[in-house]
Amino acid sequence: MPRSSCSGASLFAYMNLGAEVRKVDILAVKAPAKINLYLGVHTDRDERGYHRVDSVMAALDFGDVVTLTPTEGLSVTCEPGIRAHMDHTTTYRAVEALGKAFGHDSAFAVHIERHIPERSGMGGSSTDAGAALRGACQLWGIDPEDSRVADIARSIGADVAFFLKPDVSYLAGAGDVLQEQFPTPQLALAVVRPPVMGSCAQDAYAAFDRDPQALSPLAPYLEALKTGNQNAIVEKSTNNLAAAAIALEPELGRALAWLRSRPHVLNAQVSGSGACLFAICDSASAAERVACDAKENRNWWAISSKVVDSSQIIC
């Protein structure tokens, strides 16, 4: 399936339903990766048992592609494959829940073309679910900003709601309640993943509970985003879950130190609970050099990237 410059590349095919042959839409939807420019995990929890989280998330210019084809039943496939039953995935549950909520038969063959590494802290399963929700909304004529869609997204996973309209966003609650959105900062990034197993978010939060880290001030970071203070956006990017991720995967600490030592790197952080790291560089060419160095000389997964807004993702 070719990529499109917009989120919903509408193609068509023909379904053979016995004696009837009908043209059907095929929709290819971009599912962008994300990073956490600010992540602040609190020690207290909500009534669901989730940690209270302040999160500033930003979408990147690469990610997965989710294709929806109307058919006679709901199915999810992906390439490369994953170690999970497809009917247990966030994507399957999201489309199924949307159909039930709006009275539609969730009859889609959903295919995920995966480019985001597993256990990366870049929202792979959440962005796929968000893209599937946006695609199903488009095919069913549902406003993706309907509060019922957001409620479904939050019920599937903490990050899914962000991907319904992935502008740079501050989310509170468990990192799932949108508070505010901001202009898109111009950030040149090198994103890398060293060859570690990677930890699930649940394990990272458990490690955080064993050794909680102090929160960095949130208000100055939000003010920097509002005013477009580029230096502060870069310098104050932080993640107090990083120590927990590094405790579980010590190689991440060494990789982070290497990134921070590279020429023209202004800041580097763990994304979410890892295992991807991102370096904010002073230029796109510097980001490309860091990514190439990581890939060619250290044999890491690596890519140069930038932050994008929803207009570059959603038609």
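S120 has a relative accessibility of just 2%, so it counts as buried, the cut-off being under 20%. That residue is a handy way into this protein, which you're looking at as a predicted model. Here's a quick tour, going from S120 out to the whole chain and then on to a helix, a second buried residue and some backbone oddities.

**Around S120**
- You'll find S120 in the loop between β5 (108–113) and α2 (124–140).
- Leaving out residues up to four places away in sequence, S120 touches R193, S271, G274, A275 and C276.
- I156 sits 36 residues from S120 along the chain, and their C-alpha atoms are separated by 19 Å.

**The whole protein**
- The protein is built with nine helices and 12 strands.
- A compact globule of 315 residues would have a radius of gyration near 20 Å, and the protein has 19 Å, so the two agree.
- Picture a box of roughly 65 × 45 × 40 Å along the principal axes: that's what the C-alpha atoms fill.
- Of the 315 residues, 53% are buried.
- Take the contacts with a separation of 6 or more: 72% of them are between residues 24 or more positions apart.
- The accessible surface adds up to about 13900 Å², and carbon and sulfur atoms own 49% of it.
- As for charges, there are 28 positive and 36 negative ones, and the mean positions of the two sets are 3 Å apart.

**Helix α5 and its two faces**
- Helix α5 runs over residues 219–227, and its buried residues are Y221, L222, A224 and L225.
- These cover an arc of only 155° around the axis, which means they're on the same side of α5.
- Flip to the face turned away from that buried side and you'll meet the exposed residues A219 and T227.
- Just after α5 comes G228, with a positive phi of about 70°.

**L256, another buried residue**
- L256 belongs to helix α8, which spans residues 250–261.
- With 6% relative accessibility, L256 counts as buried because the cut-off is under 20%.
- Not counting residues up to four places away in sequence, L256 touches I246, A268, Q269, V270 and L277.
- A101 is 155 residues from L256 in sequence, and measuring C-alpha to C-alpha in the model puts them 44 Å apart in space.

**Backbone oddities**
- As a rule of thumb, most peptide bonds are trans, and most residues other than glycine have a negative phi.
- The peptide bond from E79 to P80 is cis, with omega near -5°.
- P80 itself is in the loop between β4 (75–79) and α1 (90–102).
- G274 and A275 are also joined by a cis peptide bond, this one with omega about 20°.
- A275 lies in the loop between β10 (265–270) and β11 (277–281), and both G274 and A275 are among the residues that S120 touches.
- R119 isn't a glycine, yet its phi is positive, near 45°.
- R119 is in the loop between β5 and α2, which is also where S120 lies.
- R119 has a relative accessible area of 42%, so it's partly exposed.
- H264, also a residue other than glycine, has a positive phi near 70°.
- Look for H264 in the loop between α8 and β10.
- Its relative accessible area is 41%, so H264 is partly exposed.

Technical notes. Residues are numbered from 1 along each chain as its sequence is written. This is a predicted model: local features need pLDDT of at least 70, side-chain atom pairs count only at pLDDT 80 or more; totals for chains, interfaces and linings use all residues. Side-chain values use heavy atoms; hydrogens and water are left out. Helices (H or I, at least four residues) and strands (E, at least two) are DSSP runs, numbered from the N terminus. The radius of gyration is taken over C-alpha atoms; the globule rule is 2.2 Å times the number of residues to the power 0.38. Buried means under 20% relative accessible area, exposed over 50%, partly exposed in between (1.4 Å probe, protein chains only). Contact means heavy atoms within 4.5 Å. Accessible areas come from the Shrake-Rupley method with a 1.4 Å probe; for residues, only the protein chains shown count as cover. Lys and Arg count as positive and Asp and Glu as negative; His and the chain ends are not counted. The place of a charge is taken as NZ of Lys, CZ of Arg, CG of Asp or CD of Glu. The arc is that of the directions from the helix axis to the C-beta atoms.
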